[in-house]
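I opened this one to see how the chain packs and how its parts touch. My notes follow in the order I looked things up.

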Amino acid sequence: MKRSSLALALALVVGVVLASGAHAAQAPRGQLARSDSTTSLGTTFKRYQQRVGGVPVLGGEVVVTNAPGGDADLTLDRSRRGLRLPGRATVQRSAAIAAARKATRAAALRAAPRAGRAILPANGRGRLVWRVLLASGRPLASYEVLVDARSAAIVRVRDRLKRATGKAAVFMPNAVVARGSRAGLADDDDDDSALLTSLRTPVKLERLIAGTRCLKGRWVHATLPSGEVCKSNADFSAVTRANDDFEALMAYVHVDRARAYLESLGFTGLLDRPMQMLANGTPDDDAYYDTDDKSITLGTGGVDDGEDGDVIVHEYGHAVQDAQVRDFGESPQGAAMGEGFSDYLQAALDAQRAPNATFNPCVAEWDAIDNEDPAPVQCLTRTDTNFTAREGGPGTKCDTEPHCAGTAWSGALWRIRGLIGGPTADRLVVQSHYSLTKTADFVDGSIALIVNDRALYGGVHEQILRDVLNAHGLLDHKWASLKLSGKVPRMATVRRRKRFRIAVTMSEPGSVRLSALVERRFRRALAVAPRRTMTFSKAGRRYVTFRVTSAGLRLLNAQPSVVLRVRAKATFRSGRTLPAVQVRRRLR
Ligand SMILES: [Ca+2]
Ligand SMILES: [Ca+2]
Ligand SMILES: [Ca+2]
Ligand SMILES: [Ca+2]
Ligand SMILES: [Zn+2]
């Protein structure tokens with residue numbers, strides 16, 4: 001293309017004026033102030049900013065390219081004709097900043113907010129606005145907010161943080177699902193194989209923060225114990241499963257996608273921050289979400305947990321719930337609901353990506369692979385069982401263990417999802433958490449689903465919800481419970497008083513057998529106070545006082561390092577028993 005036709009093409013697109021200087025611009029000369037001048041390779045580039053009465057016009061910029069010889073001059077003109085200063089600001093700077101913060105929910109600012117007046121060209125006239133800059137730490141963003149300087153209305157919000165896209169090839173969601181079977185697959189001590197390498201799916205690493213070569217983005221910050229995981233241009237395509245970077249990549253991809261899915265459901269403010277992911281952070285075959293520092297750690301025992309997207313998203317489910325209800329799961333049934341929800345969430349995400357009746361309800365088929373076991377598919381647990389609340393309670397095979405008992409909850413949610421539709425159910429399930437307390441139980445969780453179905457969908461699914469929740473025994477079944485509270489006293493107090501008091505709480509009538517024991521490592525426990533039995537004719541709390549026997553006191557004095565513990569075991573009138581509970585104190 002010859003230069004003249006190039007100039008014409010540019011003129012059509014961006015309003016280029018082929019001329020010799022800024023005086024050819026739309027704006028009157030007096031409104032253009034030189035803001036910058038650069039000389040590069042012999043050509044001078046002069047930059048002008050349009051100002052009206054000293055107030056900058058947003059986008060009102062002119063750049064003049066002045067080449068030696070004059071033949072290649074160019075003026076790019078984005079200034080505006082006919083702009084006048086649109087009156088005075090009646091909204092104070094501080095009020096504009098407050099309005100901007102409210103609109104963006106910007107918190108934990110990385111720098112002090114800045115605000116200046118500006119003119120936003122509109123319909124040939126100018127609108128006076130405050131241009132507020134907020135370096136938000138939570139969510140991580142650099143907001144530019146235009147606030148009308150007379151009405152305080154929010155005119156425009158932009159995030160100026162540049163985010164980049166990297167590349168990788170990972171398991172979606174794990175090697176068994178990618179292959180469609182476990183045939184030929186084995187962990188083999190984290191070795192590469194041609195098969196495992198071929199099972200990776202090329203993906204983009206979305207929402208990386210621009211300029212970073214590492215796994216740090218809007219919603220995930222994935223690291224290894226050795227630190228940041230980085231590659232030039234954030235191109236990790238060559239990384240295979242034997243390389244520890246692989247697990248960090250998996251953590252990045254699967255959490256980023258899970259969060260993007262929540263965003264698509266409308267949960268825009270939920271966990272809108274980088275989730276700290278420590279891949280290969282423990283040699284155990286264990287992954288966990290830490291409610292204290294809000295991070296997720298993935299272990300390397302057996303198949304690396306970070307090689308299984310199901311495990312990663314399960315842990316992220318705990319983070320989601322913790323962000324909705326701080327310390328959720330303090331009751332045994334709440335803990336079970338937490339595990340059930342996390343299993344549900346990872347199954348839901350897999351189903352959204354690729355519906356698969358064999359693998360969607362099977363949790364972590366790659367992490368769970370066991371080459372001694374001939375079963376065609378192995379799962380850590382499943383979301384499609386008919387398990388009931390009663391079957392998970394005290395004295396059952398599950399005995400309230402939350403992963404086991406939680407299958408009653410995931411089973412119900414998964415059935416509901418099949419009946420009312422994926423995103424409809426997912427939105428309802430996540431939304432319902434906002435209604436819960438940290439000690440909520442199955443009945444509370446069930447009612448929250450029904451109430452939020454009314455709020456979100458006019459209650460059209462209520463009968464389905466009731467039927468399914470009832471089928472899993474979740475709408476009416478409370479587990480029996482026994483609690484001990486109060487402190488085992490210090491050694492000095494025991495010596496002085498020889499007695500101490502503990503509270504016992506029973507959720508239904510029955511009897512409790514209590515004993516106070518002193519234990520030394522590797523030694524049989526020895527009673528220091530008489531055993532006793534308390535009978536509860538109805539649910540409630542009562543106190544029990546232990547008197548330390550003189551033989552018990554001699555024993556305590558003789559032990560160099562002991563633990564004093566009170567143990568209780570309940571038998572309910574219904575015939576059920578609970579595992580023993582205890583309170584303890586290390587005395588020296
Ligand atoms: Ca690995
Ligand atoms: Ca391993
Ligand atoms: Ca593992
Ligand atoms: Ca699965
Ligand atoms: Zn869990």
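I went for the nonpolar cores first, keeping in mind that this is a predicted model. The largest nonpolar core comes to 86 residues. L249, A251, Y252 and V255 have the most contacts inside it. I then checked which element feeds this core the most, and it's helix 5, residues 245-265, with ten residues.

I picked V255 for a closer look. Skipping its neighbours within four places in sequence, I found V255 in contact with W219, V220, M275, M277, I312 and Y316. Apart from that core I noted another one, of 26 residues. W479, L484, V504 and L578 are among its members.

Next I pulled up the domain assignment. It splits the protein chain into domain 1 (3-77), domain 2 (93-159), domain 3 (165-471) and domain 4 (482-586). I looked at where domain 1 meets domain 2: five residues of domain 1 and six residues of domain 2 take part in the contact. On the domain 1 side, strand 4 supplies the largest share, four residues. I sorted that side by class and got five nonpolar, no polar and no charged residues.

Last stop was G54, which I found in the loop between strand 3 (43-52) and strand 4 (55-66). Is G54 buried or exposed? I counted 8 C-beta neighbours inside 10 Å, so G54 goes down as exposed, the cut-off for that being 12 or fewer. I also took the C-alpha to C-alpha distance from G54 to G421: 57 Å in space, with the two 367 residues apart in sequence.

Key
Residues numbered from 1 in each chain as written. Chains lettered and ligands numbered in written order. Predicted model: local features only at pLDDT ≥ 70, side-chain atom pairs only at ≥ 80, totals over all residues. Helix = DSSP H or I, 4+ residues; strand = E, 2+ residues; numbered from the N terminus. Buried ≥ 20, exposed ≤ 12 C-beta atoms within 10 Å, placed from the backbone. Core = buried A, V, L, I, M, F, W, Y, C linked by C-beta atoms within 7 Å. Contact = placed C-beta atoms within 7 Å. Domains from an automatic or database assignment. Nonpolar A, V, L, I, M, F, W, Y, C, P; charged D, E, K, R; others polar.
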